[in-house]
Amino acid sequence: EAATNVLAGLLAAFVLAAVGMIGWGRRLAYGAALGAFASLSIDFSYWAWYGFPTEYLAAQLLDQVIGWSLAALVAGWWLARRVTVTPQT
């Protein structure tokens, strides 16, 4: 599971870099949207078809939104780093 989480985080960072998200607010919103998508794509059917409690759905949604928001902030910070090259004499 850890490997798939890291792979998903790298994929999110790749997409974040590809769309050129600028600004921490947009990165946070992008991560929240990724989390909502991830949670609803799996957990909504658990709630609707298998009768999982509403509290489960809400907790999973909150967990995914917060987790992916933090991941987007870290990926954005990493992508925004600037490498300073000093000329050699």
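**Exercise 1. Starting from Q64, describe its contacts beyond its sequence neighbours and state how far it is exposed.**

Solution. Once the neighbours within four places in sequence are left aside, Q64 is in contact with G35, A38 and S39. The structure is a predicted model, and every value below is computed from it. The next step is to place the residue, and Q64 is found in helix 3. Its relative accessible area is 23%, and because buried means under 20% and exposed over 50%, Q64 is partly exposed. Along the chain Q64 and L34 are 30 residues apart, while their C-alpha atoms are 8.3 Å apart in space.

**Exercise 2. Decide whether G35 is buried or exposed, and name the residues that it touches.**

Solution. Begin with the location of G35, which is in helix 2. The relative accessibility of G35 is 0%, and therefore this residue counts as buried. Not counting residues up to four places away in sequence, G35 touches Q64, V65 and W68. A separation in sequence can also be set beside one in space: G35 and W78 are 43 residues apart in sequence, and their C-alpha atoms are 19 Å apart.

**Exercise 3. Check whether the length of helix 1 agrees or disagrees with its number of residues, then work out where its buried residues lie.**

Solution. Helix 1 covers residues 2-19, which is 18 residues, and at 1.5 Å a residue these should span 26 Å. The end C-alpha atoms of helix 1 are 26 Å apart, so the expected span and the model agree. Turning to burial, A12, A13 and L16 are the residues to consider, since they are buried in helix 1. They cover an arc of only 100 degrees around the axis, which puts them on the same side of helix 1. The face turned away from this buried side carries the exposed residues A3, T4, L7, L10, L11, F14 and A18. As for partners, the buried residues of helix 1 pack against helix 2 (24-50) and helix 3 (54-80). After helix 1 comes G20, whose phi is positive, near 65 degrees.

**Exercise 4. Apply the length check to helix 3, and find which residues of this helix are buried and which helices they pack against.**

Solution. Helix 3 has 27 residues, and at 1.5 Å a residue these should span 39 Å; the end C-alpha atoms are 38 Å apart, which agrees. The buried residues of helix 3 are L57, W68, S69, A72, A75 and G76. These buried residues pack against helix 1 and helix 2.

**Exercise 5. Determine the exposure class of L73 and list its contacts.**

Solution. L73 lies in helix 3. With a relative accessibility of 24%, L73 counts as partly exposed. Not counting residues up to four places away in sequence, L73 touches W24, R27 and L28. The C-alpha atoms of L73 and R26 are separated by 9.5 Å, although these two residues are 47 residues apart along the chain.

**Exercise 6. Identify the residues that make the nonpolar surface patch, and classify F44 by its accessibility.**

Solution. The patch, of about 710 Å², is made by L40, F44, W47, W49, Y50 and F52. Of these, F44 is found in helix 2. F44 has 39% relative accessibility, and for this reason it counts as partly exposed.

Conventions
Residues numbered from 1 in each chain as written. Predicted model: local features only at pLDDT ≥ 70, side-chain atom pairs only at ≥ 80, totals over all residues. Heavy atoms only, no water. Helix = DSSP H or I, 4+ residues; strand = E, 2+ residues; numbered from the N terminus. Expected span 1.5 Å × (residues − 1). Buried < 20%, exposed > 50% of the residue type's maximum accessible area, 1.4 Å probe, protein only. Arc of directions from axis to C-beta. Contact = heavy atoms within 4.5 Å. Patch = residues over 30% accessible without salt bridge, like charges linked within 9 Å, V, L, I, M, F, W, Y side chains within 5 Å. Areas by Shrake-Rupley, 256 points an atom, 1.4 Å probe, with all protein chains shown as cover. Salt bridge = Lys/Arg side-chain N within 4 Å of Asp/Glu carboxyl O.
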